[in-house]
Amino acid sequence: MAKQTFLNLNEEKRKVVEESLKKEFSRVPLKDALVSNIVKCAKIPRGSFYQYFNDIEDAFYYVIGQYSKDIKKTLLENIVRNKGDIILSYRQLYIYILDMIEKEENKDYFEKIFLNMNYDIEIMFTPNFNEGLNVMLNQIDITKLNIPSKFSLSYILDIIESVMMNNIVKSYKRNLSREKNIEIFEKELALVCAGILKK
């Protein structure tokens, strides 16, 4: 992630570097991104880049991390507002993510992210990440869920988030409309809620 030198920059300079990073990662996937393009766009010496980040991969995950923080915060707010209703909260989060990735200034960036998805990117992009998990779990009302304890809840969240991420990736790969994307997500979420075995 970002080094303290970068975090200590004034907000205006930090934003210039962040926008330069995002511009490069919107142009090409991580494997093809160039530090030279970033420093040229940000108008900083090449050495400054390495004072801010260990390498280009470090910078890449910093940008995703900024979105990740926002997604985690939004999910927690949803859970609190919905009085612990995890399914409604993830439905709302899914729409929030779709709105985020469909913004004109984000389209190219997220297309590169989702068409080149790997495990490291996925765990950065999903809310159920180690940091703050217990806070989230404590807000969820398990009385409406068919699970024996909060311990099982983290598995349920993993399943929901896998369904969510899979649908976003599919929407890019299959060029699905927003409506079709939401329809498929709702059907798969309903299967998770109902289970697949007859009772």
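1. Let's start with a residue you can look for right away: F49 is buried, because its relative accessibility is 0% and buried means under 20%. Please keep in mind as you read that this is a predicted model.

2. What does F49 pair with? Its ring and that of Y50 form an edge-to-face pair, because the ring centres are 5.1 Å apart and the planes stand at 85°, and edge-to-face takes an angle over 60 degrees. Y50 itself is partly exposed, with a relative accessible area of 32%. So here a buried residue, F49, is paired with a partly exposed one, Y50.

3. You can widen the view from there. F49 and Y50 belong to one aromatic cluster, together with F6, Y52, F53 and Y62. Across the whole structure, a search finds 14 aromatic pairs.

4. Another of the aromatic pairs is worth a look: Y67 with F110. Their ring centres lie 4.9 Å apart and their planes meet at 70°, so this pair too is edge-to-face. Y67 sits in helix 5 (residues 56-81) and F110 in helix 7 (residues 107-115), so the contact ties together parts that are 43 residues apart in sequence. Both Y67 and F110 are buried.

5. Now for the charged side chains. How many salt bridges does the structure hold? There are eleven. One of them joins R178 and D99, whose closest N and O atoms are 2.8 Å apart. R178 lies in helix 11 and D99 in helix 6 (residues 86-102), so this bridge ties together parts that are 79 residues apart in sequence.

6. Are R178 and D99 buried, exposed or in between? R178 is partly exposed at 26% relative accessibility, and D99 is partly exposed at 36%. The two residues are also linked with E102 in a network of salt bridges, so do select all three residues when you look at this spot.

7. Two further bridges make good practice. K31 forms one with D32, and the closest N and O atoms are 3.1 Å apart. K31 counts as exposed, because its relative accessibility is 67% and the cut-off for exposed is over 50%. D32 is partly exposed at 36%. The other bridge joins K107 to E104, with 3.6 Å between the closest N and O atoms. In this pair K107 is partly exposed at 37% relative accessibility, while E104 is exposed at 64%.

8. Next, a helix to trace by eye. Helix 10 (residues 150-173) has 24 residues, and the distance from its first C-alpha to its last is 35 Å. That is close to the 34 Å expected at 1.5 Å a residue. As you trace a helix, it helps to know that an α-helix has 3.6 residues a turn, so residues three or four places apart point the same way. Just after helix 10 you will meet N175, which takes a positive phi of about 55°.

9. Finally, have a look at the surface. Which residues form a nonpolar patch there? They are L191, I196 and L197, and together they have about 390 Å² of accessible area. L197 is found in the segment after helix 11 (178-194). With 68% relative accessibility, L197 counts as exposed. You could compare L197 with F49 from the opening point, which counts as buried at 0%.

How values were computed:
Residues numbered from 1 in each chain as written. Predicted model: local features only at pLDDT ≥ 70, side-chain atom pairs only at ≥ 80, totals over all residues. Heavy atoms only, no water. Patch = residues over 30% accessible without salt bridge, like charges linked within 9 Å, V, L, I, M, F, W, Y side chains within 5 Å. Areas by Shrake-Rupley, 256 points an atom, 1.4 Å probe, with all protein chains shown as cover. Salt bridge = Lys/Arg side-chain N within 4 Å of Asp/Glu carboxyl O. Helix = DSSP H or I, 4+ residues; strand = E, 2+ residues; numbered from the N terminus. Buried < 20%, exposed > 50% of the residue type's maximum accessible area, 1.4 Å probe, protein only. Expected span 1.5 Å × (residues − 1). Phe/Tyr/Trp six-rings, centres within 6.5 Å; stacked < 30°, edge-to-face > 60°.
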